[in-house]
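Biologist: Please take a close look at how the side chains are arranged in one part of this model. Start with the rings, then go through the part itself from end to end.

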Amino acid sequence: MKKIVIGCYMVGMIQTNFYYLHREGESETIVFDPADHGREINEELTKQGLTVKAIFLTHGHFDHILGVKALREASGAPVYASAYEREFMNDASLNGSSDIRRPCAVTADHYLIDGESVTVAGITLTMIYTPGHTEGSCCFYIDAEQTGGSPILISGDTLFEESVGRTDLPTGDMHDLVESVRGKLFALPDDTIVYPGHGGFTSIEHEKKYNYFV
């Protein structure tokens with residue numbers, strides 16, 4: 001099985017990590033959290049010979065979804081999101097976009113429930129429901145059998161390098177966030193590489209040892 005290649009751009013006013021994953025040598029790619037400039041993102045990926053086949057969202061905050069509409073229009077790719085985040089994404093007052101005077105509402109094409117798996121572009125990923133940063137936040141997991149090496153976790157704003165996402169915004173809850181990290185993410189293999197919504201990548205093993213917040 002061809003290895004999975006991971007690319008990242010920092011996009012938008014809060015330097016959100018936008019990730020794209022594809023099999024080595026293959027053109028079909030899946031992307032996560034297009035934070036802004038969706039049309040430009042599609043142009044850059046096209047220059048690399050890549051075609052966006054699906055857009056996955058970890059949660060509905062404006063700094064993760066502002067580019068969704070333009071990227072979906074440019075690529076024709078469907079949007080996948082947490083079923084528990086439906087209202088949040090579609091409400092500009094909740095997702096914070098109205099506060100920056102760029103009201104944005106996103107409706108997904110497919111809503112996923114906890115533990116549901118999807119295969120796109122030759123990659124199978126599983127949605128892990130991780131409430132706390134927002135009520136409907138989720139992460140996406142790709143196991144070692146898929147990668148041929150360490151598992152991969154796209155953690156959004158649930159888990160950062162030696163930190164966690166803020167919980168003082170609408171629907172946030174610190175108790176839920178800690179439970180999500182300890183109960184679900186820390187149950188993943190220690191060698192799982194974590195790709196967060198902001199900052200550098202880390203691992204489950206490192207966070208178990210050094211994450212003060214959980």
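Modeller: In this predicted model, a search of the whole structure finds 11 aromatic pairs. One of them joins Tyr195 and Phe201, whose ring centres are 5.9 Å apart and whose planes meet at 35°, a tilted arrangement. The two partners differ in exposure: Tyr195 counts as buried because its relative accessibility of 16% is under the 20% limit, whereas Phe201, at 55%, is over the 50% limit and therefore exposed. Elsewhere, Phe32, Phe56, Tyr80 and Phe140 form one aromatic cluster. A ring also takes part in a contact of another kind: Arg86 lies over the face of Tyr111, 3.9 Å from the ring centre.

The part to examine closely is helix H7, which runs over residues 174-185. From first C-alpha to last, its 12 residues reach 15 Å, close to the 16 Å expected at 1.5 Å a residue. Its buried residues are Leu177, Val178, Ser180, Val181 and Leu185. Viewed down the axis of H7, these buried residues fall within an arc of 155°, so they line one face of the helix. On the face turned away from that buried side are the exposed residues His175 and Gly183. The cover over the buried residues of H7 includes strands E8 (123-129), E9 (138-142), E10 (152-156), E11 (159-160) and E12 (163-164), together with helix H8 (204-210). At the start of H7, a side-chain oxygen of Asp173 comes to within 3.0 Å of the backbone nitrogen of His175. His175 thus appears twice here, with its backbone nitrogen in reach of Asp173 and as an exposed residue of H7.

How values were computed:
Residues numbered from 1 in each chain as written. Predicted model: local features only at pLDDT ≥ 70, side-chain atom pairs only at ≥ 80, totals over all residues. Heavy atoms only, no water. Helix = DSSP H or I, 4+ residues; strand = E, 2+ residues; numbered from the N terminus. Expected span 1.5 Å × (residues − 1). Buried < 20%, exposed > 50% of the residue type's maximum accessible area, 1.4 Å probe, protein only. Arc of directions from axis to C-beta. Contact = heavy atoms within 4.5 Å. Polar contact = N/O pair within 3.5 Å; in protein donor to acceptor, adjacent residues only side chain to side chain. Phe/Tyr/Trp six-rings, centres within 6.5 Å; stacked < 30°, edge-to-face > 60°. Lys NZ or Arg CZ within 6 Å of the ring centre and 35° of its normal.
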